[in-house]
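Good morning, and thank you for the opportunity to speak. I shall go through one protein structure step by step, and I invite you to follow along on the screen.

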Amino acid sequence: MRIDIITLFPGMFTGFLDGSLLGAARTAGLVDIRLTDIRDFAEGPHRQVDDRPFGGGPGMLLMPGPVVSCIEHVQGLSQHAGHVVLLTPGGRRLDQSLVEELATRERIVLVCGRYEGFDARVAAAVGAEEVSIGDYVLSGGEVAAMVVVDAVARLIPGVLGDEASALQDSFSGPDRLVEGPQYTRPREFRGLHVPEVLLSGDHRRIEAWRHEQAVAATRRRATIS
Ligand code: 6GU
């Protein structure tokens, strides 16, 4: 899979992309991730990328010219133009279904917003999908893009050591349940004991218990959020 990231702050991604899981996946050639700086597509002596909104209001918007030129340049670098995603708080809320959808694509182009956001014509001009990672405001789309890359990359075959573990994760599988509690050694910690069923060796009982716990945890979560 190829992932392009378009941003005014490529330096924010270096530690993240070289980190353990992603770094290894990139080295193994499982995912090809490239960064492109919007500033390189700005014109004029000041290389301006932002301007005030028409109609007034606070803050600055990313100008459509440099962003669209940058996206089109990046799309032209490979045979496959890719699915363009603008990261913006007003977009479609990211969940595991959307992550799975994005992971099936051969190529995605993630565009990070800054300031008060994108000029509305950017999405129209390039046929982009707008995505948000939740109902709160970040200072830019970079952290959101890292969230998308992390969640998508771990679904690429071979990226996780154990393929079964992605299927067991919270929000995966047909019921979209969150995982219930899990335990490792020791059997007793500060007077708290591992549930007896998990030590029983009875796999059917363990499976039934885990499912019951996952349903309860999912219900609990629905009532608090
Ligand atoms: Cl994608 N961008 C920004 N700036 N804030 C956000 C977001 C994205 N998703 C949630 N909040």
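Let me begin with a term that we shall need. A residue is called buried when its relative accessible area is under 20%, exposed when that value is over 50%, and partly exposed in between. Please also keep in mind that this is a predicted model.

With that term in hand, consider Ile38. This residue sits in the loop between strand 2 and strand 3. Is Ile38 buried or exposed? Its relative accessible area is 0%, and therefore Ile38 is buried. Who are its neighbours? Setting aside residues within four places in sequence, Ile38 is in contact with Ile6, Thr7, Leu8, Val49, Pro66, Val67, Cys70 and Cys112. One of these partners, Val49, is eleven residues away along the chain, and the two C-alpha atoms are separated by 7.8 Å.

Let us now step back to the whole chain. The protein chain comprises 225 residues, of which 39% count as buried. It has eight helices and nine strands. Along the principal axes, its C-alpha atoms fill a box of roughly 70 × 40 × 35 Å. If we take the contacts with a separation of 6 or more, 73% of them join residues 24 or more positions apart.

Two of the partners of Ile38 were cysteines, namely Cys70 and Cys112. A disulfide is a covalent bond between the sulfur atoms of two cysteines. How many disulfides does the structure hold? The number is zero. Cys70 takes part in no disulfide, and the nearest cysteine sulfur, that of Cys112, is 10 Å away. Why is there no bond for Cys112? Its sulfur is 10 Å from the closest cysteine sulfur, in Cys70, and this is too far for a bond. The cut-off for a disulfide is 2.5 Å between the sulfur atoms. As to accessibility, Cys70 is at 0%, so it counts as buried. Cys112 is at 1%, so it counts as buried as well.

I turn next to a pair of residues in the strands. His83 belongs to strand 5, which covers residues 83–93. With a relative accessible area of 15%, His83 is buried. Its side chain makes a polar contact of 2.7 Å with the side chain of Glu129. Beyond the residues up to four places away in sequence, His83 touches Leu102, Arg105, Arg107, Ile108, Val109 and Glu129.

Arg107, which is in that list, lies in strand 6, residues 107–112. Arginine is a charged residue under the grouping used here. Is Arg107 buried or exposed? Its relative accessible area is 1%, so Arg107 is buried. A polar atom of its side chain lies 2.8 Å from the backbone oxygen of Val74. Apart from neighbours within four places in sequence, the contacts of Arg107 include Arg2, Asp4, Val74, Gln75 and His83.

Our next topic is the pockets. The largest pocket holds about 430 Å³ of space. It is lined by 20 residues, and those closest to its centre are Gln168, Glu179, Glu207, Arg210 and Ala214. Helix 7 and helix 8 are the elements that each give two or more residues to this lining. Which element gives the most? Helix 8 does, with six residues. By type, the lining divides into seven nonpolar, seven polar and six charged residues.

The second largest pocket holds about 310 Å³. Ten residues line this pocket, and Leu94, Asp95, Gln96, Phe171 and Arg221 are the closest to its centre. Here the elements that give two or more residues are helix 4 and helix 8. The lining of the second largest pocket divides into three nonpolar, four polar and three charged residues.

I close with some details of the backbone. Phe171, which we met in the second largest pocket, is found in the loop between helix 7 and strand 8. Its phi is near 70°, a positive value in a residue other than glycine. At 33% relative accessibility, Phe171 counts as partly exposed. Pro186 is in the loop between helix 7 and strand 8, and the peptide bond from Arg185 to Pro186 is cis, with omega near 0°. Finally, Arg190 is placed in the loop between strand 8 and strand 9. Its phi is near 50°, again a positive value in a residue other than glycine. With a relative accessible area of 74%, Arg190 is exposed.

Thank you for your attention.

How values were computed: Residues numbered from 1 in each chain as written. Predicted model: local features only at pLDDT ≥ 70, side-chain atom pairs only at ≥ 80, totals over all residues. Heavy atoms only, no water. 1 Å grid on protein atoms, 1.4 Å probe; cavity = no way out; pocket = protein on both sides within 12 Å on 5 of 7 lines; lining within 4 Å. Points joined across faces, edges and corners; volume = space filled by probe spheres on them. Helix = DSSP H or I, 4+ residues; strand = E, 2+ residues; numbered from the N terminus. Buried < 20%, exposed > 50% of the residue type's maximum accessible area, 1.4 Å probe, protein only. Polar contact = N/O pair within 3.5 Å; in protein donor to acceptor, adjacent residues only side chain to side chain. Contact = heavy atoms within 4.5 Å.
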